[in-house]
Amino acid sequence: MHRVVATAALVLVVALVASACWSRSEDNGAAAASSGGGTPPTPEGEIAPATGLKGRIVYSSLQGDLWVVDADGSHRRQLTDSGAGTDSSPTWSPDGTRVAFRTTRGQSPGVDPSNIFVINSDRSGERQLTPSRGAAAGGLFPAWSPDGNSIAYSNGSGINLIRPDGRSRRPLGVAGECSVWSPDRSELMFCSNGINRGEGVDNWDVFVMDADGANVRRLTRHSAQDYPGAWSPDGTQIAFFSRRDGDGDVYVMDADGANVRRVTNQPGAQAADAWLSDGRLVIGSAQEGVKGPPDWFVLRPDGSGRASLPQLEPAMEPIAWLP
């Protein structure tokens with residue numbers, strides 16, 4: 001029997017692992033201010049479906065299995081069978097032949113352990129990537145590098161890099177979570193907790209560092225919770241989630257943390273899971289107290305062009321979109 005995944009508000013999935021973060025990141029970034037604005041609420045039933053979509057999407061279902069679907073909604077197929085566990089947080093290899101994901105299955109210590117698994121996109125070759133014991137054991141939020149050579153993930157020792165074959169695991173010496181690679185693979189965006197930074201409050205902010213763990217800099221500095229979202233295809237902008245103006249909305253800033261502007265402005269919590277090559281953001285929208293998948297839509301960073309994604313109706317957050 002599958003364990004049902006229940007989420008009350010979208011990106012709280014990220015916050016579930018707050019206690020696992022041991023952060024000592026450098027604070028050498030500049031503070032940024034919100035410009036307000038954002039798109040007004042619109043009933044979902046009035047939004048036309050998005051067109052011109054390309055690529056493949058992998059997502060976790062309410063039952064905890066991974067599924068794959070073409071961006072136009074065709075060729076939907078089940079990828080994993082989680083059994084009594086839960087598979088989530090998928091990430092594509094750049095060539096689309098494999099998927100890494102977080103799962104409660106496998107062997108590792110802890111009351112509610114999570115591991116990183118890898119599976120071929122034809123459902124073959126599933127195996128546990130993270131070791132079952134030692135400092136490298138367990139893993140959260142895998143992120144496959146754009147060159148295909150590394151998978152970033154987090155555990156009690158912070159952010160790690162590991163080869164897709166499980167060899168050459170390397171801790172970066174930076175305590176953080178929710179890694180997102182820049183398009184050119186030169187940088188990693190991640191989140192860090194204020195308590196672990198010695199600030200005395202349970203506050204998450206967005207940071208960026210070089211791919212080798214050097215040159216850590218802070219992009220957000222707000223009393224509300226901020227989490228990473230997605231890089232723009234050219235690497236010059238970043239979409240992120242913040243509670244600074246309510247339940248949670250999508251914001252966009254320059255890659256150095258400057259020029260913050262609000263993108264969404266509607267009830268519930270909205271988070272950006274992908275930034276498509278045509279410039280549109282892929283956004284999930286969840287309402288407080290509602291269990292099950294969020295509503296999905298695309299939107300341009302200036303707030304225009306909103307269109308629904310009915311093909312993602314069964315998809316839990318987060319998803320991974322392969323161009």
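**Entry 1: the cores.** I began with the nonpolar interior and found that the largest core holds 17 residues, with Val-282, Leu-309, Leu-312, Ile-319 and Trp-321 having the most contacts inside it. I then looked up which elements feed this core, and noted that strand 1, strand 22 (295-299) and strand 24 each supply at least two of its residues. Apart from it lies another core, made of 13 residues, including Ala-143, Ala-152, Leu-172 and Trp-181. I should record here that I am working on a predicted model.

**Entry 2: one residue of the largest core.** I listed the neighbours of Leu-312, leaving out residues up to four places away in sequence, and obtained Ile-57, Tyr-59, Trp-296, Ile-319 and Trp-321.

**Entry 3: whole-protein figures.** I counted the elements and found one helix and 24 strands. Of the 323 residues in the protein, 54% are buried, and among contacts with a separation of 6 or more, 46% are between residues 24 or more positions apart. The exposed area comes to about 13000 Å², and 50% of it is supplied by carbon and sulfur atoms.

**Entry 4: the sheet with strand 24.** I traced an open sheet of four strands in the order 3-2-1-24, and its pairing is antiparallel. Its edges are strand 3 (77-78) and strand 24 (316-322), each of which pairs on one side only. Between strand 1 (residues 56-60) and strand 24 I found four bridges, with the two strands running antiparallel, and in this pairing Ile-57 stands opposite Trp-321. I kept in mind that strands of a sheet pair through backbone hydrogen bonds, either parallel or antiparallel.

**Entry 5: the residue just before strand 1.** I looked up Gly-55, which lies in the loop between helix 1 and strand 1. Is Gly-55 buried or exposed? Gly-55 is partly exposed, because its relative accessible area of 25% falls between the limits of 20% and 50%. With residues up to four places away in sequence not counted, Gly-55 touches Asp-70, Ala-71, Trp-321, Leu-322 and Pro-323. I also took the C-alpha to C-alpha distance from Gly-55 to Asp-72, which is 8.2 Å for a pair 17 residues apart in sequence.

**Entry 6: the largest pocket.** Turning to empty space, I obtained about 1300 Å³ for the largest pocket. Its lining has 48 residues, of which Val-180, Ala-230, Asp-273, Ala-274 and Trp-321 are the closest to its centre. I then asked which elements give two or more residues to this lining, and the list reads helix 1 (12-15), strand 4 (87-92), strand 8 (140-144), strand 12 (177-181), strand 16 (226-231), strand 17 (237-242), strand 20 (269-275) and strand 24. Which strand gives the most to the lining? Strand 24 does, with six residues. I note that Trp-321 has now appeared both among the residues with the most contacts in the largest core and among those closest to the centre of the largest pocket.

**Entry 7: strands 16 and 17.** I followed two of the lining strands further. Strand 16 is largely enclosed by the rest of the structure, because six of its six residues are buried. Strand 16 pairs with strand 17 in the antiparallel sense over five bridges, and Pro-228 stands opposite Phe-240 in strand 17. The two strands form a hairpin with five residues between them, and I recorded that Gly-235 in the turn has a positive phi of about 75°.

Definitions and conventions:
Residues numbered from 1 in each chain as written. Predicted model: local features only at pLDDT ≥ 70, side-chain atom pairs only at ≥ 80, totals over all residues. Heavy atoms only, no water. Pairing = 2+ DSSP bridges. Buried < 20%, exposed > 50% of the residue type's maximum accessible area, 1.4 Å probe, protein only. Contact = heavy atoms within 4.5 Å. Areas by Shrake-Rupley, 256 points an atom, 1.4 Å probe, with all protein chains shown as cover. Core = buried A, V, L, I, M, F, W, Y, C linked by side-chain atoms within 4.5 Å. 1 Å grid on protein atoms, 1.4 Å probe; cavity = no way out; pocket = protein on both sides within 12 Å on 5 of 7 lines; lining within 4 Å. Points joined across faces, edges and corners; volume = space filled by probe spheres on them.
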